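Me: I have a model open on my screen and would like to talk it through with you. Could we start with the terms, and then go to the details?

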Amino acid sequence: MIVTVTMNPAIDKTIEIDEMICGGLNRIKAFESDAAGKGINVSKTIKALGGKSIAIGFIGGDAGNTIKNALDAEGIENDFVYVDGITRTNTKVFENSGRVTELNEPGPNIKDEDIEKLFEIIEKYASKDTLFILAGSVPAGVEKTIYRDITEKVHSLGAKVFVDADGEIFVRALEAKPDYIKPNDVELAQYCNISGDITEDQIIEMAEKLVSEGIGHVAVSMGKEGAIFVSEDEKFMCKGLKVEAHSTVGAGDAMVAAISYGVSEKISFRDCARLGIATSAGAVMTKGTKPPTKETVNSLIGKVEFK
Ligand SMILES: Nc1ncnc2c1ncn2[C@@H]1O[C@H](COP(=O)(O)OP(=O)(O)O)[C@@H](O)[C@H]1O
Ligand SMILES: O=P(O)(O)OC[C@H]1O[C@](O)(COP(=O)(O)O)[C@@H](O)[C@@H]1O
């Protein structure tokens, strides 16, 4: 069973404009809204791949209900804690040049009692057959150590954990040795205090170090360049696929989803990587924050090359 935990869900509002006029009037050409937030995107992509997951986390207000209704409509099981505040809206501005500007809101205030309820739900699902996906930022009121604490709790119940986060939340999560992580190259560089571009050799070196410290599997995504995958037994790089890019928002979540789905289907790490590259490339081809169809993924998977 896969359980996605989204502390800070969002309605992603994708806006298309010709060119951003900062400090002036911008006319919107087209817009669309999607139920999102990292774990929710993972659940939607797992569904698109033919798998099942349960989406949990905090939702509130009309935006929270919109997210729940969207998941219900897609047949994605969910078990949220309802909070007093309102689930955020994240605005993604697309310009003709392809430049994307993301404006992510902080999210509602979470109370201690909400966190306690979430832990009860988490413990309910935690068993040796569960893979938890802890993904994205955390809203106000939630300590940056929360992913570490959840990882320790569910590890003690035999479950596995996949962390996709950045900054302090990521650093603190590593203390509990998650089984899978997927930083992107920029996040990894930040973690290693590398200013400027991180090289492939530096990524491999750092991923190997993390594995030697007890992180089970490390996938480092590098945008259109592809990704590097390291575990105790294996190390390989996959080139990014050449596709017509519409929106890279959600590409990382698509990779997390594909690897998690692959793990739940007990396929090899190499095949998880192959599926991750194909699914994330497919996600880039969709507009807004939408997963690719299974047909698109199937049409891309044979094109994945290992280096
Ligand atoms: N322009 C692109 N063309 C093809 N694949 C892409 C492109 N951008 C991202 N991807 C795929 O999506 C994966 C995740 O993208 P990345 O931008 O690194 O993640 P994140 O969204 O977490 O920052 C990449 O490893 C790659 O496989
Ligand atoms: O919780 P955060 O870090 O603010 O990120 C949330 C945002 O990231 C996304 O999940 C997309 O993430 P990726 O592009 O990394 O896959 C959006 O749908 C959402 O608005």
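Reply: Gladly; helices here are DSSP runs of H or I with at least four residues, and strands are runs of E with at least two, both numbered from the N terminus. This is a predicted model, in which local features need pLDDT of at least 70, side-chain atom pairs count only at pLDDT 80 or more, and totals for chains, interfaces and linings use all residues. Residues are numbered from 1 along each chain as its sequence is written, while chains are lettered from A and ligands numbered from 1 in the order in which they are written.

Me: What mean pLDDT does the chain have?

Reply: The chain has a mean pLDDT of 96 (pLDDT being the predictor's confidence in each residue, from 0 to 100), and 100% of its residues reach 70 or more. For the complex, the predictor gives an ipTM of 0.98 and a pTM of 0.96.

Me: OK, ligand 2 then: which element gives the most to the shell around it?

Reply: That is α8, with three residues. The shell holds 17 residues, counting a residue as near if its C-beta atom, placed from the backbone, lies within 6 Å of the molecule, and the nearest are Ala 36, Asn 90, Gly 136, Ser 137 and Gly 252. Two or more residues come from each of β2 (10–16), α1 (38–49) and α8 (251–264).

Me: How many of those around ligand 2 are nonpolar, polar and charged?

Reply: Four are nonpolar, ten polar and three charged, where Ala, Val, Leu, Ile, Met, Phe, Trp, Tyr, Cys and Pro count as nonpolar, Asp, Glu, Lys and Arg as charged, and the others, Gly among them, as polar.

Me: And which residues are closest to ligand 1?

Reply: Of the 19 residues that surround ligand 1, the closest are Ser 221, Lys 224, Ala 251, Gly 252 and Ser 280. The largest share of that shell, four residues, comes from α9, and the classes there are ten nonpolar, eight polar and one charged.

Me: Switching to the inside, how many residues does the largest nonpolar core have?

Reply: The largest nonpolar core has 86 residues, and those with the most contacts inside it are Phe 132, Ile 133, Leu 134, Val 163, Ala 173 and Ala 258. α9 gives the most to this core, with nine residues. Such a core is a set of buried Ala, Val, Leu, Ile, Met, Phe, Trp, Tyr and Cys residues joined through C-beta atoms within 7 Å.

Me: What is Ile 133 in contact with?

Reply: Leaving aside neighbours within four places in sequence, the contacts of Ile 133 (C-beta atoms, placed from the backbone, within 7 Å) include Ile 2, Val 42, Phe 162 and Val 256.

Me: Now the loops: is Lys 266 buried or exposed?

Reply: Lys 266 is exposed, because 7 other C-beta atoms lie within 10 Å; a residue is buried with 20 or more other C-beta atoms within 10 Å of its own, exposed with 12 or fewer and partly exposed in between, with C-beta atoms placed from the backbone. Lys 266 lies in the loop between α8 and α9, and has a positive phi, near 60°, although not a glycine.

Me: Where is Lys 177?

Reply: Lys 177 is in the loop between α5 and β11 (180–181). Its phi is also positive, about 55°, and Lys 177 counts as partly exposed because it has 17 C-beta neighbours inside 10 Å.

Definitions and conventions: Two residues are in contact if their C-beta atoms, placed from the backbone, lie within 7 Å.
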